[in-house]
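Hi there,

Here's the structure I promised to pass on. Have a look at it first, then read on for what turned up.

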Amino acid sequence: MWGLGALAAAMLLASSLPANAATAQAPPAAPAQVTAARDTECIQPGNAWLNPRFYWRNAFGIRLGEGVINESSWPNPFGGRIAPGSTFTFRWRPDTTRNPVGSQYHIHRVNLASIMAVAHVESVTGPGTFSGTTLSAQETPPHKLGDTVVRFRIRPGTEGRTATLSSADHSLTTRWLFANINNLWENHGSISFTVASRASLGCDSSSGLG
């Protein structure tokens with residue numbers, strides 16, 4: 001009896017070993033974390049911004065309406081430098097603060113060709129849509145547009161290149177009664193950023209700047 005009991009205990013112990021061994025081998029998740037750490041952001045942020053303002057006026061110079069293109073980036077590369085592989089978001093929200101009487105809708109556009117020459121679009125959320133390199137959205141009074149958020153990632157091999165965004169990259173079409181009316185831009189200018197190497201920005205393979 002004692003011999004049979006010892007044999008049964010030995011068989012039970014042997015049958016439990018593979019499960020314990022498999023449990024011990026389960027946690028090798030660290031390599032994925034190491035890989036992710038190598039893709040950290042590398043940016044020297046700037047503080048440049050544009051926010052073009054627009055308005056309409058009649059033949060007598062009287063203003064009929066006005067608005068602003070709200071634009072921001074985070075982290076903000078404009079006025080600074082950013083390395084390939086790094087990302088930033090561009091937030092865009094046209095806002096007509098006073099509509100010309102009789103206006104039916106406004107189509108806002110911004111051409112992001114210069115940015116897209118050094119970065120590719122990872123995602124777009126919000127009312128805006130892309131056609132080629134142009135982002136556009138329709139604003140229908142009295143409804144307001146929400147934010148369109150575009151996430152960009154800087155392309156490899158673009159070190160030394162500069163991306164620019166100017167008031168001239170913006171355009172607006174307003175439908176008024178049975179015709180289109182043109183707007184005027186109140187402020188003019190441009191902002192830019194430069195793509196730089198990680199080494200020049202003081203970043204190594206596992207740390208970022210800014």
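The largest nonpolar core has 30 residues, and F88, L112, I115, F152, L165 and F193 touch the most other members. A nonpolar core here is a set of buried Ala, Val, Leu, Ile, Met, Phe, Trp, Tyr and Cys residues joined through side-chain atoms within 4.5 Å. Buried means under 20% relative accessible area, exposed means over 50%, and partly exposed is in between (1.4 Å probe, protein chains only). At least two residues of this core come from each of β2 (53-57), β5 (87-98), α3 (113-116), β9 (134-139), β10 (148-154), β11 (162-166) and β15 (190-195). There's also a second, separate core of five residues, with C42, A83, A196 and C203 among them. As a rule of thumb, nonpolar side chains in soluble globular proteins tend to be buried together.

Before you go further: this is a predicted model, so local features need pLDDT of at least 70 and side-chain atom pairs count only at pLDDT 80 or more, while totals for chains, interfaces and linings use all residues. Residues are numbered from 1 along each chain as its sequence is written, and side-chain values use heavy atoms, with hydrogens and water left out.

Back to F88. Leaving aside neighbours within four places in sequence, its contacts (heavy atoms within 4.5 Å) include W74, P75, I115, F152 and F193. F88 also belongs to a cluster with F78, F152 and F193, linked by ring pairs. Rings of Phe, Tyr and Trp (its six-membered ring) pair if their centres lie within 6.5 Å; planes under 30 degrees apart count as stacked, over 60 as edge-to-face and the rest as tilted. The whole structure holds five aromatic pairs. In one of them, F54 and W56, the ring centres are 5.4 Å apart and the planes sit at 85°, so this pair is edge-to-face. F54 counts as buried at 0% relative accessibility, and W56 does too at 1%.

Now the overall picture. The chain has three helices and 15 strands; these are DSSP runs numbered from the N terminus, with helices being H or I of at least four residues and strands E of at least two. Of its 210 residues, 32% count as buried. Among contacts between residues at least 6 apart in sequence, 75% join residues at least 24 apart.

One open sheet has five strands in the order β8-β9-β6-β12-β13, with antiparallel pairing. Two strands pair if DSSP finds at least two bridges between them. Which strands stand at the edges? They are β8 (129-131) and β13 (179-181): each has a single partner strand, so one side of each is left without a neighbour in the sheet. Further in, β6 (residues 103-111) pairs with β12 (residues 170-176) over seven bridges and with β9 over six. H108 is a handy residue to find: it stands opposite A137 in β9, and its bridge partner in β12 is L172.

Finally, a few backbone oddities to click on:

- W74 and P75 are joined by a cis peptide bond, with omega about -15°; P75 lies in the loop between β3 (63-74) and β4 (81-82).
- P141 and P142 are joined by a cis peptide bond too, with omega about 5°, and P142 is in the loop between β9 and β10.
- L177 isn't a glycine, yet has a positive phi of about 55°. L177 is in the loop between β12 and β13 and is partly exposed, at 41% relative accessible area.

Cheers!
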